Each structure stands twice: as C-alpha cells, then as structure tokens.
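Open the model in your viewer and keep the sequence panel beside it. The stops below say what to select and what is found there.

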Amino acid sequence: GTDAETEAEIKPATAFNAVETDIPEETDIVSSFEDLQLWLRNLDGYGGEVVLGDTITIEETISPSYNYTGPLSIDTGSFGLIYDGGYIDYCDLFLTGKGVDIPVLEIRNTGNGFGWLPPLDWNMVLSFMDVTALGRDGIGGTAVRITSDSDYRRPITVYESRGQIHSYGRN
C-alpha cells in the first residue's frame with residue numbers, strides 16, 4: 001500500500017473506538033474491597049476519583065476519612081459495585097460505568113446499620129447517589145439493579161435529597 005492508504009487507517013481516538021485501558025496514569029485503580037477501603041481512608045482534601053479494575057462486593061459499610069469533602073467519583077468501567085451487607089457511606093457519591101456486562105451498582109443487601117439504628121434500606125442508600133450507565137457500542141447499560149428488599153423501608157417523603165439514575169444507549 002501507499003502512504004496515503006496507511007494514513008487513512010489511523011483514526012483519532014473517540015469515545016466509540018477508545019481502548020478500554022485508556023486510563024490516565026495518575027488515576028488510582030482498585031480491584032478489591034480492601035483496596036477500595038484503603039483508598040477511601042487515605043482520601044484527604046477535596047475531590048477524589050478512582051477506577052475499578054474488577055467487580056467489588058461490599059460486605060461492610062465503608063466511608064472516606066473525615067478530612068475529605070466534595071464529590072467522590074467511582075468509574076466502574078466494564079465492572080460493577082455490589083452492595084451485599086454494606087455500602088459506601090457518603091452523601092456526594094457519583095458512580096459511572098458501562099453497565100452492559102454487569103450493572104454499575106447492584107444492591108443485594110445494605111446491612112443492618114449500626115445495630116441500634118433502623119437498617120438503611122436501598123431507597124435511602126440511593127438517595128445520596130448519582131449512578132450513570134453509559135452503555136457500550138450503542139447497547140444501553142443497567143445503572144442500578146435491586147435484587148433484594150429490606151423488611152423496613154422509609155417512606156420516600158422523608159428524604160430531603162434525591163438520587164439520580166441515568167442510562168444511555170443509542171437505538
């Protein structure tokens with residue numbers, strides 16, 4: 001082939017042809033519950049973003065350090081977060097992922113709170129979150145899947161905040 005043909009094959013990176021591993025080097029990647037818990041504990045200052053290197057199941061409630069403020073962003077990529085006995089206890093939490101192979105967030109069980117408090121039901125946990133499924137190759141993703149319900153559920157009218165759930169895909 002000629003040089004012209006070779007040049008024509010090189011396409012600029014776009015959202016639709018980007019390689020899944022195009023993550024900036026300075027981005028933190030966590031692949032286990034322990035890694036995520038440690039990352040949250042070490043947050044200091046304002047604003048934090050982490051990328052999942054695998055699906056993580058949260059079986060006990062975790063939260064950022066007290067020195068941390070501002071939005072907390074977790075990019076699940078092709079993976080997901082599973083709440084099964086615990087959750088991330090934070091009020092300004094943004095989850096974004098493809099949601100095609102696995103939901104961005106699956107809530108199986110939110111645990112029993114701190115024993116003396118009524119357990120947080122999934123409605124309450126979601127009221128502090130913004131969850132987005134971006135989809136992939138035109139296939140829409142699943143942002144949130146609820147696979148269990150608690151016996152105790154607060155009426156929605158008591159919530160001051162409202163969570164946001166978005167799912168995108170081209171027809």
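How much area does the protein expose, and what share of it do carbon and sulfur atoms supply? The protein exposes about 10,300 Å², and carbon and sulfur atoms supply 50% of that area. Accessible areas come from the Shrake-Rupley method with a 1.4 Å probe, and for residues only the protein chains shown count as cover.

This is a predicted model, in which local features need pLDDT of at least 70 and side-chain atom pairs count only at pLDDT 80 or more, while totals for chains, interfaces and linings use all residues. Residues are numbered from 1 along each chain as its sequence is written, and side-chain values use heavy atoms, with hydrogens and water left out.

**Whole chain.** Select everything and show it as a cartoon. The protein has three helices and ten strands. Helices (H or I, at least four residues) and strands (E, at least two) are DSSP runs, numbered from the N terminus. Of the 171 residues, 37% are buried, meaning under 20% relative accessible area with a 1.4 Å probe, protein chains only. Among contacts with a separation of 6 or more, 65% join residues 24 or more positions apart; a contact means heavy atoms within 4.5 Å.

**Confidence.** Colour by pLDDT, the predictor's confidence in each residue, from 0 to 100. The average for the protein is 78, and 69% of the residues score at least 70. Which elements have the lowest and the highest mean pLDDT? Helix H1 (residues 3–9) has the lowest, 49, and S3 the highest, 96. Over residues 4–8 the pLDDT is below 50, and this stretch has zero contacts beyond near neighbours in sequence. Residues 13–21 also stay under 50, but for them the model has seven contacts beyond four places in sequence.

**The sheet.** Select S3, S5, S7 and S9. These four strands form an open sheet in the order S3-S5-S7-S9, with parallel pairing; two strands pair if DSSP finds at least two bridges between them. Strands S3 and S9 (144–146) stand at the edges with a single partner strand each, so one side of each has no neighbour in the sheet. Neighbouring strands are turned by 20° against each other on average, direction ignored.

Now take the strands in turn. Strand S3 (residues 56–58) pairs with S5 (residues 81–84) over three bridges, and Thr 57 has Ile 82 in S5 as its bridge partner. On to S7 (residues 105–109), which pairs with S5 over four bridges; here Asp 84 stands opposite Asn 109.

Add helix H2 (residues 33–41). Helix H2 packs on the sheet, touching S3 and S5, and its direction makes about 70° with that of S3. Axes are lines fitted to C-alpha atoms, for helices over the stretch in contact, and angles run from 0 to 180 degrees between N-to-C directions.

**Aromatic pairs.** The whole structure holds two aromatic pairs. Rings of Phe, Tyr and Trp (its six-membered ring) pair if their centres lie within 6.5 Å; planes under 30 degrees apart count as stacked, over 60 as edge-to-face and the rest as tilted. Select Tyr 68 and Tyr 90, a tilted pair at 5.5 Å centre to centre with 50° between the planes. Both are buried.

Conventions:
Buried means under 20% relative accessible area, exposed over 50%, partly exposed in between (1.4 Å probe, protein chains only).
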